Amino acid sequence: MKSWLVNISRLLLAVVFILSGFVKAIDPLGTQYKLTDYLIAMQLGSYIPEWATLGAAVLLAALEFSLGLFLLFGVHKQLTSRLTLLMLGVMTPLTLWLALTNPISDCGCFGDAIVLTNWQTFLKNVVLLAMAVIVACWPEKMFRFVSESNQWLVTNYTGVFILVVSAYCLYDLPLFDFRPYRVGTDLKTGWQKMMEGKDSPYADLFLESMDTGEDLTEQLLCDTGYVMLLVAPHLEQADDSRFDLINELNEYAREQGYAFYGVTASSEQAVERWREALGAEYPFCQADDIVLKTMIRSNPGLVLLKNGVVLGKWSHNRLPSLDDERASQPLNEQEIGRRQDDSTAKKVAWILGWFVLPLVILTIADRTWMWTKWLRRKKKQEKNVSFNINNKEKIMRKKIVAGNWKMNMNLQDGIALAKELNETLKAEKPNCGVVICTPFIHLASIAQFLDQSIIGLGAENCADKEKGAFTGEVSAEMVKSTGAQYVILGHSERREYYKETPEILKEKVLLAQKNDLKVIFCIGESLAEREAGKQNEVVKAELEGSVFNLSEEDFRKIVIAYEPIWAIGTGKTATAEQAEEIHAYIRSIIAEKYGQAVADDTTILYGGSCKASNAPELFAKPDIDGGLIGGASLKAADFKGIIDAFK
Ligand code: PGA
């Protein structure tokens with residue numbers, strides 16, 4: 001249930017972040033304009049230079065897009081979930097403020113692609129914030145599409161891709177144009193509708209001659225010939241490096257009888273300065289600043305109209321050049337005189353080819369690699385028939401039989417049992433490590449006489465706090481001070497009856513290790529989970545929730561005990577095959593997380609109704625390295641019978 005919730009939330013967040021990041025990234029100038037609107041609304045407009053707002057726009061879009069991708073692939077789970085939460089934690093109150101005070105009519109979260117009202121945006125953010133909280137609470141529940149060792153490829157490729165796309169769109173024009181002046185738009189009809197009082201996005205479209213003051217809108221939109229508009233919202237900041245090309249275009253237009261106008265929102269003085277500095281001989285019209293910024297995302301940029309229809313747009317970096325041959329031909333005989341190829345399908349194919357496809361190939365390769373690795377391991381184990389309990393040379397990891405007394409034995413009985421075991425095993429040295437984990441009260445007394453070179457001593461639990469006012473608790477440091485070396489953590493009885501969560505266990509593991517205690521960490525599924533086929537998912541989440549945060553060095557100190565809850569104390573044992581299957585799986589996810597060498601060295605015990613009669617078969621399996629024994633550890637003879645399985 002939790003896992004479903006996390007994964008649905010993470011996928012929805014991913015879709016929204018990818019979409020909104022992408023539409024912003026392909027229109028860096030548009031995003032910068034929006035950011036500036038926000039700054040002005042907050043009265044910060046004059047403090048931040050333009051280059052900074054542009055840089056912030058590009059980085060913000062790249063961050064949003066990348067977070068979306070990471071959520072989709074389930075990589076860098078902790079960092080991604082926290083950053084997503086942080087982003088929505090900032091955006092939600094900000095959009096509430098926008099909705100309440102309305103300083104900007106459209107928040108711009110999806111650029112110009114989808115326009116939402118401020119209240120819609122706020123509600124959207126509330127829902128997303130709730131999802132981000134869910135994901136941040138259980139980030140480890142996100143399933144990943146790419147293994148940890150290859151996730152750097154997704155991270156770097158995404159970052160490079162989105163920054164390159166942004167840079168390209170800044171140099172040229174937005175990859176997709178969602179505004180009402182896109183190539184192919186019939187401005188004349190739209191404008192006429194507006195003049196008739198109908199709803200139209202061209203309410204502010206007026207082009208007024210700066211020489212005569214005459215309104216030229218109708219004349220330019222109804223011109224059946226070509227009209228070239230050099231659109232420069234602000235001449236003061238316009239890029240004038242291509243002035244020679246612009247002048248050539250003007251000359252060509254004059255020769256061919258086409259209208260050529262500079263269009264700006266700047267003052268007459270600015271136009272004068274432009275003319276003088278660049279030898280510009282074309283007439284200028286004045287128009288609304290926002291209209292011009294909407295028309296073309298370039299300052300200056302060229303817009304070609306014919307009969308009021310937008311035929312083409314060029315940024316100042318990509319102006320069409322006229323060689324001698326072209327300069328003598330009219331536009332209708334040339335490529336640039338025809339409607340620009342603005343095919344969406346082509347652009348989508350480009351994105352699929354350059355971005356989606358490589359990532360799909362990477363995912364398939366990664367999954368295949370992981371799968372073959374797992375197969376190879378399995379095969380190696382099968383081939384390695386001698387890899388059994390009698391061949392100590394090949395067995396690198398430690399074999400252990402550990403007793404878990406649970407809440408049994410008073411002090412005197414416990415001491416008597418420990419003494420008996422001590423004597424027995426001193427007389428007949430075991431072929432494996434032996435540990436007894438006892439109630440706290442036994443520890444100090446047993447530690448006095450137990451030969452810990454033969455039998456290790458451990459507690460069954462420790463507190464998740466270091467020290468202080470926690471009545472009834474026993475800290476890891478206290479356990480250590482008794483002379484014990486081990487501690488069992490995460491036993492299903494503690495998880496179930498004392499509500500120990502993965503977070504609490506994570507703390508306990510850290511404190512135990514801080515005090516040099518060796519942790520026997522228990523994992524295992526319930527009957528319902530086994531019947532639903534979820535055992536792998538459960539053990540993986542338990543490891544991820546409490547011990548996969550450890551460094552390799554610290555993880556190497558952990559002993560894992562797989563104990564299916566339905567087999568504990570019930571007399572029902574998992575079959576040796578069932579146990580081996582899941583032990584091999586546990587080893588494979590350890591390998592995925594820490595590498596094969598660590599996985600090969602990790603001791604994984606089986607627990608749950610293990611006794612002298614079934615121990616030999618269980619322990620003979622290549623991935624079962626011993627047992628954690630409850631009921632059968634309460635009598636020296638029974639326990640010894642299990643230890644003898646390693647003979
Ligand atoms: P059991 O218990 O051997 O009595 O089934 C095992 C355990 O809980 O550790």
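A charge sits over a ring if NZ of Lys or CZ of Arg is within 6 Å of the ring centre and within 35 degrees of the ring normal. With that in hand, Arg494 is a good place to start: Arg494 lies over the face of Tyr498, at 4.2 Å from the ring centre. Lys293 has a similar role to play in this tour, since Lys293 lies over the face of Tyr33, at 4.6 Å from the ring centre. Please keep in mind that this is a predicted model.

**Aromatic pairs**

Moving on to rings that meet other rings, the structure holds 21 aromatic pairs. Tyr252 and Tyr258 form one of them, an edge-to-face pair. Tyr282 and Phe284 form another, and here the planes meet at 40°, so the pair is tilted rather than stacked or edge-to-face, the tilted class covering what is neither under 30 degrees nor over 60. The geometry of these two examples is set out below.

| Pair | Centre to centre | Angle between planes | Class |
|---|---|---|---|
| Tyr252 and Tyr258 | 6.1 Å | 65° | edge-to-face |
| Tyr282 and Phe284 | 5.5 Å | 40° | tilted |

How accessible are the partners? Tyr252 and Tyr258 are both buried. Tyr282 has a relative accessible area of 1%, so Tyr282 is buried, as the cut-off for that is under 20%. Phe284 also counts as buried, because its relative accessibility is 1%.

Ring pairs can also join up into a group: Phe22, Phe65, Tyr157, Phe161, Phe176, Phe178, Trp350 and Phe355 are linked in this way into a cluster.

**A nonpolar surface patch**

Turning to the outside, a nonpolar patch on the surface is formed by Val348, Leu352, Val356, Val360 and Ile364. Together these residues have about 390 Å² of accessible area. Val356, one of the members, is found in helix α13, which covers residues 344–383. Val356 counts as partly exposed because its relative accessibility is 34%, a value between the 20% and 50% cut-offs.

**Cysteines**

Finally, the sulfur atoms. A disulfide is a covalent bond between the sulfur atoms of two cysteines. How many disulfides does a search of the whole structure find? The search finds zero. Cys222 shows this well: the nearest cysteine sulfur, that of Cys285, is 14 Å away, and Cys222 is in no disulfide. A pair would need its sulfur atoms within 2.5 Å. In terms of accessibility, Cys222 is partly exposed because its relative accessibility is 28%, whereas Cys169 is buried, with a relative accessible area of 2%.

Notes:
Residues numbered from 1 in each chain as written. Predicted model: local features only at pLDDT ≥ 70, side-chain atom pairs only at ≥ 80, totals over all residues. Heavy atoms only, no water. Patch = residues over 30% accessible without salt bridge, like charges linked within 9 Å, V, L, I, M, F, W, Y side chains within 5 Å. Areas by Shrake-Rupley, 256 points an atom, 1.4 Å probe, with all protein chains shown as cover. Salt bridge = Lys/Arg side-chain N within 4 Å of Asp/Glu carboxyl O. Helix = DSSP H or I, 4+ residues; strand = E, 2+ residues; numbered from the N terminus. Buried < 20%, exposed > 50% of the residue type's maximum accessible area, 1.4 Å probe, protein only. Phe/Tyr/Trp six-rings, centres within 6.5 Å; stacked < 30°, edge-to-face > 60°.
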